Structures are given as C-alpha cells and as structure tokens.
Amino acid sequence: MTPLAAQLAAQIAATGPISLADYMAACLMHPEHGYYTRRDPLGTGGDFTTAPEISQMFGELIGLSLAQAWLDQGAPAPFVLAELGPGRGTLMADLLRATRGVPGFHDALRLHLVEASPALRAAQAATLGRDDVTWCDRVEDLPDAPLYLVANEFFDALPIRQFQRAGQGWRERVVGLDGDTLTLGLGPESARPELDHRLEDTRDGDIVETSAPAAVIVAGIGARIAARGGAALIVDYGDWRALGDTFQAVAGHAPADPFAAPGEADLTAHVDFEALARAAAPAAHSRLCPQGTFLARLGIGARAEALARGLSGVALDSHVAAFRRLTGADEMGTLFKVLGLMPPGTAPPPGLEP
Ligand code: SAH
C-alpha cells in the first residue's frame with residue numbers, strides 16, 4: 001500500500017466515501033505524496049510525453065498564433081503572457097524563441113506561469129533560464145492586463161466528478177473501501193439541477209463527468225479576456241459534450257489501474273470542451289478544431305520541410321515521425337482538439353474558425 005493509499009483508507013473508514021474529484025486532487029497534488037508534487041513525469045524514464053516534448057514545432061506555431069492575435073488587437077503593452085501547467089517549460093521556450101522577431105512582443109510581455117508543482121517549477125526555471133518569470137498558484141493571481149494564454153494538457157489533470165444516470169436523477173460514483181482496498185462505488189440517488197441539460201442526451205446507466213475546478217479557471221480567463229482583451233488557446237484530448245467514463249491512469253507509458261497505487265500514476269479525464277466554452281462567457285469561443293487541422297493551417301508542413309533540410313539519418317527519421325505524431329489522424333491529430341477564447345465580436349486566433 002502506498003502511504004497515500006493508507007491515508008485515504010483511514011479517512012474513508014472514519015468519514016465515509018469521497019468523490020472522484022477529492023481522490024484525484026489527493027493523488028495528483030497532495031503536498032507530500034502527490035504525483036505532480038514530487039516529480040517530473042515528463043523526464044527521462046517518465047510516465048508520458050506531450051506535444052511540446054515531441055517537437056519544437058508545436059510551441060513555435062502556438063507562439064505565432066498568439067503573437068498574431070496580439071498584433072491583430074493593436075499590440076497592447078504591457079500584456080500578460082501566461083501558461084497553465086507548463087510541464088518542463090518546453091512549450092514556453094519554443095514560443096519565446098519563435099516570437100523573437102515579432103516587433104515589440106518581447107518588450108511588452110510579462111511572463112506568468114501557473115504551476116502547482118514545486119518539482120515542475122524548478123524544471124521550468126532551468127529550461128527558461130530567465131530572471132523575469134513570475135510563478136503563481138492560480139489564474140486569479142495573474143495581474144489585471146490583456147491576457148494571452150496557452151494551456152496544453154492542463155485541463156485533463158483537473159479533478160472530475162462522475163454521475164451515473166438513474167431515472168430522472170443521478171448517483172455519484174464515489175471512492176469507498178472493500179475491506180481495506182480502495183474501490184469505486186455508487187452514492188445515493190439525488191437530483192442534480194446542474195445536469196438537467198444532460199437528461200436530453202443520456203439514458204439510464206450512462207455516466208457523465210463534470211469538473212468544477214476547470215469551470216472556475218476558465219471563467220477567470222474568460223472574464224479577463226472579455227474585459228481587457230487577449231486570447232487563449234486550450235489544447236487537450238476530449239470532445240464537445242463528453243459522454244461516458246474517461247477517467248484513466250497512466251504509468252510508464254501504459255494504462256494502469258487508477259486505484260492500485262494512489263500518487264504513483266498520472267490520473268486524467270477527457271476534457272468536455274462544451275463545458276469550458278460555456279464557462280468562458282462573456283468571452284467568445286472558436287469552433288472546436290482537431291489539433292492536426294489547427295497545425296496545418298498555421299503552416300506546420302512548410303516548417304517541417306524547412307527543419308528537415310538541416311537533418312539526415314536518424315535525426316531526419318525522428319523529425320518525420322514527430323510530424324506524423326502531432327498531425328496524423330490515427331495519432332494526436334484528431335484525438336487532441338484546440339479551443340480558442342477571444343473578446344466578444346473579434347476573430348479567433350489564427351488557425352481557428354469562429
Ligand atoms: N503543458 C505541459 C505539461 C502537461 S502535464 C506539456 O504539454 O508538456 C500537466 C501540468 O499541469 C503539470 O505541469 C502539472 O504540474 C500542472 N498542474 C496540474 N494540475 C494543476 C493545478 N491544479 N494547478 C496548477 N498546475 C497544475
């Protein structure tokens with residue numbers, strides 16, 4: 001049993017089952033035993049990899065889209081350049097390098113990283129190697145200024161709750177105990193007014209997921225962008241109006257049992273982009289776009305060719321493989337989606353459609 005499993009089992013024995021959200025929050029962010037708190041899961045021998053770790057082209061094109069959105073809005077200065085959950089800082093490093101030639105962009109930007117993990121803050125500091133980075137715990141701590149923001153594989157790490165349809169009501173899927181083993185069970189049936197719109201598209205036994213933390217964070221971003229200007233690019237796996245159980249654990253690049261070793265595996269759920277778009281109001285949102293289409297519109301083909309010219313042998317093979325992985329329909333190209341946020345009445349950032 002991991003130390004966190006013992007702690008959670010004792011808590012459940014004393015006060016009853018906990019929501020999946022409380023379970024996820026403890027597993028990922030417990031101050032002592034949390035998965036992200038203690039380690040860099042993207043490092044050598046880590047558990048998973050992400051688009052910016054696969055190729056520099058990802059962060060470069062995100063950077064050019066945000067910089068063009070900034071130019072299109074009249075180049076406000078100063079402005080906040082922010083990233084949520086920057087991992088090892090790779091995306092931000094690529095973004096900053098790719099935008100060096102955008103007149104005025106670097107002078108006007110104030111760099112803010114929203115990161116909860118001390119281990120990953122240290123990795124970000126090492127990657128970026130600059131002395132003008134401000135770290136904060138929450139979006140609410142960002143200064144009040146025009147906001148240009150990116151979040152890649154951040155929202156999938158936020159705690160979710162699951163509800164199973166029971167007639168006109170819902171039963172919450174909760175974490176309880178079977179002997180001293182953590183196990184999933186069903187709470188009592190109750191009405192859930194916030195899920196009324198899901199009575200339309202679900203049947204008895206169907207599972208829906210909600211993330212209150214995600215909604216709060218997007219509401220904060222949307223309010224700033226609507227009031228002060230700016231743009232956000234949210235990239236993640238998921239869909240418009242998610243349905244079904246998408247809670248999953250990954251350890252050592254392979255699926256794992258999410259209850260077997262709390263704190264030792266990455267826990268995620270698919271992102272419900274409809275819920276994010278709703279929560280972002282009064283900011284406007286783009287149409288949800290497959291990552292492959294978004295990158296193609298931003299010119300990843302030409303960029304890949306330009307980079308390929310300087311490569312040969314194994315380096316060229318891995319560059320070509322990375323391009324396919326980011327854009328391929330059978331790889332990240334369609335599983336991952338991009339949602340843009342922008343001030344009402346303005347065009348979405350380049351790469352996206354209204
Ligand atoms: N964006 C990076 C890393 C994705 S992993 C990349 O694409 O490589 C998820 C990141 O979100 C990690 O940096 C993790 O520490 C951070 N994170 C997860 N939950 C968080 C929370 N509630 N508040 C702040 N950061 C969080």
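In this predicted model, strand 6 (residues 161-166) and strand 7 (residues 169-178) run antiparallel and are joined by 5 bridges. A166 has G169 of strand 7 as its bridge partner. The two strands make a hairpin with 2 residues between them, and G167 there takes a positive phi near 65 degrees. Strand 7 then goes on to a hairpin with strand 8 (residues 181-190): the pair is antiparallel and held over 8 bridges, and one of the matched pairs is W170 with S190 in strand 8. Here too the hairpin has 2 residues between its strands, and G179 in the turn shows a positive phi of about 65 degrees. Strand 7 also pairs with strand 1 (residues 18-19), again antiparallel, this time through 2 bridges. In that pairing S19 sits opposite V174 of strand 7.

With these neighbours in place, how much of strand 7 is buried? The strand is mostly covered, with 7 of its 10 residues buried. One residue of strand 7 worth a closer look is R173. Its relative accessibility is 14%, so R173 falls under the 20% cut-off and counts as buried. The side chain of R173 makes a polar contact of 3.1 Å with the side chain of D245. Leaving aside residues up to four places away in sequence, R173 touches L20, Q162, Q164, L184, G185, L186, I207 and D245.

Elsewhere in the chain, the strands pair in the parallel sense. Strand 2 (residues 79-84) runs parallel to strand 3 (residues 109-114), and 6 bridges link the two. F79 is matched with L109 in strand 3. On to the next pairing: strand 3 is joined to strand 4 (residues 133-136) by 4 bridges, also parallel, and H112 has T134 of strand 4 as its partner. To get from strand 3 to strand 4 the chain passes through helix 8 (residues 118-128), making a right-handed β-α-β crossover. Strand 3 itself is largely enclosed by the rest of the structure, because 5 of its 6 residues are buried.

Helix 8 has a covered side and an open one. L120, A123, Q124 and L128 are its buried residues. These four span an arc of only 120 degrees around the axis, so they lie on the same side of helix 8. P118 and A126, on the other side of the helix, are exposed. The cover over the buried residues includes helix 3 (35-38), helix 6 (90-98), strand 3 and strand 4. The two ends of helix 8 have details of their own. At the start, a side-chain oxygen of S117 comes to within 3.3 Å of the backbone nitrogen of A119. Just after the helix, G129 adopts a positive phi of about 55 degrees.

What about the nonpolar interior? The largest nonpolar core holds 42 residues, and those with the most contacts inside it are I62, L81, L95, L111 and F294. Helix 5 (residues 56-72) is the biggest contributor, giving 8 residues to this core. As for L111, the residues it touches, not counting those up to four places away in sequence, are L81, M92, L96, L128, R130, D132, V133 and T134. There is also a second, separate core, made of 29 residues, with L147, F155, L158 and V271 among them.

Finally, a few spots have unusual backbone geometry. Most residues other than glycine have a negative phi, and most peptide bonds are trans. The loop between helix 5 and strand 2 holds both A75 and P78. A75 is not a glycine, yet has a positive phi of about 50 degrees, and with a relative accessible area of 30% it is partly exposed. The peptide bond between A77 and P78 is cis, with omega at about -5 degrees. Another cis peptide bond joins A281 and P282, where omega is about 10 degrees; P282 belongs to the loop between helix 10 (273-280) and strand 15 (284-285). R241, in the loop between strand 10 (230-239) and strand 11 (248-251), is likewise not a glycine but has a positive phi, of about 55 degrees. R241 is partly exposed, at a relative accessible area of 21%.

Note on methods:
Residues are numbered from 1 along each chain as its sequence is written. This is a predicted model: local features need pLDDT of at least 70, side-chain atom pairs count only at pLDDT 80 or more; totals for chains, interfaces and linings use all residues. Side-chain values use heavy atoms; hydrogens and water are left out. Buried means under 20% relative accessible area, exposed over 50%, partly exposed in between (1.4 Å probe, protein chains only). Two strands pair if DSSP finds at least two bridges between them. A crossover is right-handed if, with the strands pointing away from the viewer, the path from the first strand over the helix to the second runs clockwise. A nonpolar core is a set of buried Ala, Val, Leu, Ile, Met, Phe, Trp, Tyr and Cys residues joined through side-chain atoms within 4.5 Å. Contact means heavy atoms within 4.5 Å. The arc is that of the directions from the helix axis to the C-beta atoms. A polar contact is a pair of N or O atoms within 3.5 Å; within protein, one must be able to donate a hydrogen and the other to accept it, and residues adjacent in sequence count only if both atoms are side-chain atoms.
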